[in-house]
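User: Please take one part of this model and go through it closely, in connected prose. I would like the geometry, the contacts and the cut-offs behind each term.

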Amino acid sequence: MDNRKRPFDGGLSPDESFKTPEKKVSAVRLQDSDYMQWGVEETCRYLRREDLGEFEDTFRGWFSGLVRLCCVFCQVFNDPIHGHVELHPLLIKIIDTPQFQRLRNLKQLGGTYLVFPGACHNRFEHSIGVGHLAGRLVQALNERQPELLISRRDILCVQIAGLCHDLGHGPFSHMFDGMFIPRARPGISWKHETASLAMFDYLVNDNGLKKEMEHHGLVLPEDLDFIKEQIAGPQGSEWPYKGRREEKSFLYEIVANKRNGIDVDKWDYFARDCYHLGIQNNFDYRRFLKFARVCDVEGQKHICTRDKEVGNLYDMFHTRNCLHRRAYQHKVGHIIEIMITEAFLKADKHIPLTGSGGKSFTLSTAIDDMVAYTKLTDYVFEQILNSSSDDLKEARQILQNIVYRRLYKCLGQTQAEKPITVNQETLRRWEEKLAKTKSKTSQCVCWLLTEMSVLFFIHWPFLASYMAAIYSSPFLNSALKINHALFFIFQVSKLLPEQFTEQHIRAYCKKTDKKSLDAAKKQFVQWCMDMNFSKPQDGDIIAPELTPLKKSWSSTNEWEHGGISSQGRSASANGQEKAKTKLFK
């Protein structure tokens, strides 16, 4: 075999003459070579060769920042909903702070946990899930549409916003900002998003995270503004943001979508709440991720879904509606949260919380100081329940009634003929009118005072997918808003509603003895008649005797044969029994 090899010339030794020569590579690749494979030194040499050496330092600085963003070691969380979740080191720095760890002690569903034994999950794991899903959505858009020029800064800021969007929740979550604060401080307009912004600033400053953020490539204060704007939402009619320009408007629709409500916050709590409540979740966010795309809609860039995914989108709204009906608006859950609210109101001034500068704050004023607010969690329930102070006696008794299941009773729920706007002042006037209402079948209910009954207004407006935009495969870069007229075109059932929205007025009675409940029930029925509301339903108490019925509440047959006169006079015994049977069906 060696004799068949052609020897090399040049006076080489016999051993060397039969070796295949090695391929020699130039130190600097040619200009027309594959520049995508160049490293830092090759690029810098090329810049010097082309008399662009003044840009060498700028390039080296930019590249080092890019390396910091790329070469990171993520920490893995094993989440029961999303599986193994990898989080950026900067997100871990945020999680490992007292302000974020506080979320471990805030129940996601508030008082609902005292109705559904499995609903024991907290804001902590929900926030981690939202941060994870925010990253997945923005990365999916970036991979599918590189022309959007989504930077690693954008991705990291969106993840931080998802992680920190619920920092401002108080004890028992929405009970605190939806029921307690409006009654404790009726003169202010405060939501947990307001506290989330203040708590985020406090978290960053208290833990010295600005240098850490800059180390990972964020630009301050621009990116801090961007993060907070995603949490708070728009503040004006023109382009309302300063964190990102209008060509990246779609980034504001990921964490908290103020346009149509389709965001990763809902995706997580749908899946997480259904899992812990034992309710079926019909919405598949993974399919939405596969088909999500940024399109031009009336001159602005929005996140849209594929036309064939409209059914999956409707499942999302339907799942939310089911969660509200079966869990979030559960009447016993509301009763418990009303009782906890009343206990907090009575204990408000008697539980001091030390804030910044050593100042003392109460349960309702702690929202003004994040140092004090950080100490306010669900633990305040146990603090009141296990206290021995005389100042907390009334509050302690209410919470003991919850523990022993001595709960208020639901008189029923009713509806207005048309959608109405209700605030705390409206409820207060209604409660006063209810207390003064005189039943036509009883003259001995004048002792029914305002503080005995509680009215609760339930409203979950959620405009459905007619505000969403969809695209079809031939038109990937433009989309149309869905409306009822387009249902047939996109093969969506005409039986599906255009919106899922509910409004109910519920009445609860604090006293549970039979005499009080019977009187309160009749007064509530009469009040519904006076207010021209619908027939009360779903109450815990059935009227013990015939109550006046409006003609519109009864069928023609019942009105004619039930023995009820138009003046509301008492009927025969058979008519009474029939009215009692039909009243709450």
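Analyst: Leu 149 is found in the loop between helix 6 and helix 7; helices here (H or I, at least four residues) and strands (E, at least two) are DSSP runs, numbered from the N terminus. The model is predicted: local features need pLDDT of at least 70, side-chain atom pairs count only at pLDDT 80 or more, and totals for chains, interfaces and linings use all residues. Residues are numbered from 1 along each chain as its sequence is written, and side-chain values use heavy atoms, with hydrogens and water left out.

The backbone of Leu 149 has a phi near 55 degrees, a positive value in a residue that is not glycine. Leu 149 counts as exposed because its relative accessibility is 63%. The classes are buried (under 20% relative accessible area), exposed (over 50%) and partly exposed (in between), for a 1.4 Å probe and protein chains only. Phe 172 sits in the loop between helix 7 and helix 8 (174–184). Its phi is near 60 degrees, positive in a residue other than glycine. Phe 172 counts as buried because its relative accessibility is 7%.

Helix 7 itself spans residues 152–164, and Val 158 is placed in it. Val 158 has 0% relative accessibility and therefore counts as buried. Beyond its neighbours within four places in sequence, Val 158 is in contact with Ala 134, Phe 226, Gln 230, Leu 251, Ile 254 and Val 255, where contact means heavy atoms within 4.5 Å. One of these partners is Leu 251; 93 residues along the chain separate Val 158 from Leu 251, while their C-alpha atoms are 7.5 Å apart.

Two packed helices are described by the angle between their axes and the distance between the axes. Helix 7 packs against helix 11 at an angle of about 45 degrees, and the axes are 9 Å apart. Axes are lines fitted to C-alpha atoms, for helices over the stretch in contact, and angles between N-to-C directions run from 0 to 180 degrees. Helix 7 and helix 11 are therefore oblique to each other, given that angles under 35 degrees count as roughly parallel, over 145 as roughly antiparallel, 65 to 115 as roughly perpendicular and the rest as oblique. The crossing of helix 7 past helix 11 is right-handed: the near helix is turned clockwise from the far one by less than a right angle, where anticlockwise would be left-handed. On the helix 7 side the contact is made by Arg 153, Asp 154, Cys 157, Val 158, Ile 160, Ala 161 and Cys 164, and on the helix 11 side by Glu 222, Asp 223, Phe 226, Ile 227, Gln 230 and Ile 231.

Charged residues of this contact recur in the salt bridges. A salt bridge is a side-chain nitrogen of Lys or Arg within 4 Å of a carboxyl oxygen of Asp or Glu. Arg 153, Asp 154, Glu 222, Asp 223, Arg 244 and Lys 248 are linked in a network of such bridges. Within it, Arg 244 pairs with Glu 222, with 3.5 Å between the closest N and O atoms. Arg 244 lies in the loop between helix 11 (222–232) and helix 12 (264–277) and Glu 222 lies in helix 11, so this pair ties together parts that are 22 residues apart in sequence. Arg 244 counts as buried because its relative accessibility is 7%, whereas Glu 222, at 34%, counts as partly exposed. The whole structure holds 21 salt bridges.

Leading into helix 11, Leu 220 and Pro 221 are joined by a cis peptide bond with omega about 5 degrees. Pro 221 is found in the loop between helix 10 (209–215) and helix 11.

For the wider setting, the chain has 22 helices and 13 strands. Buried residues account for 51% of its 585 residues. Of the contacts between residues at least 6 apart in sequence, 68% join residues at least 24 apart.
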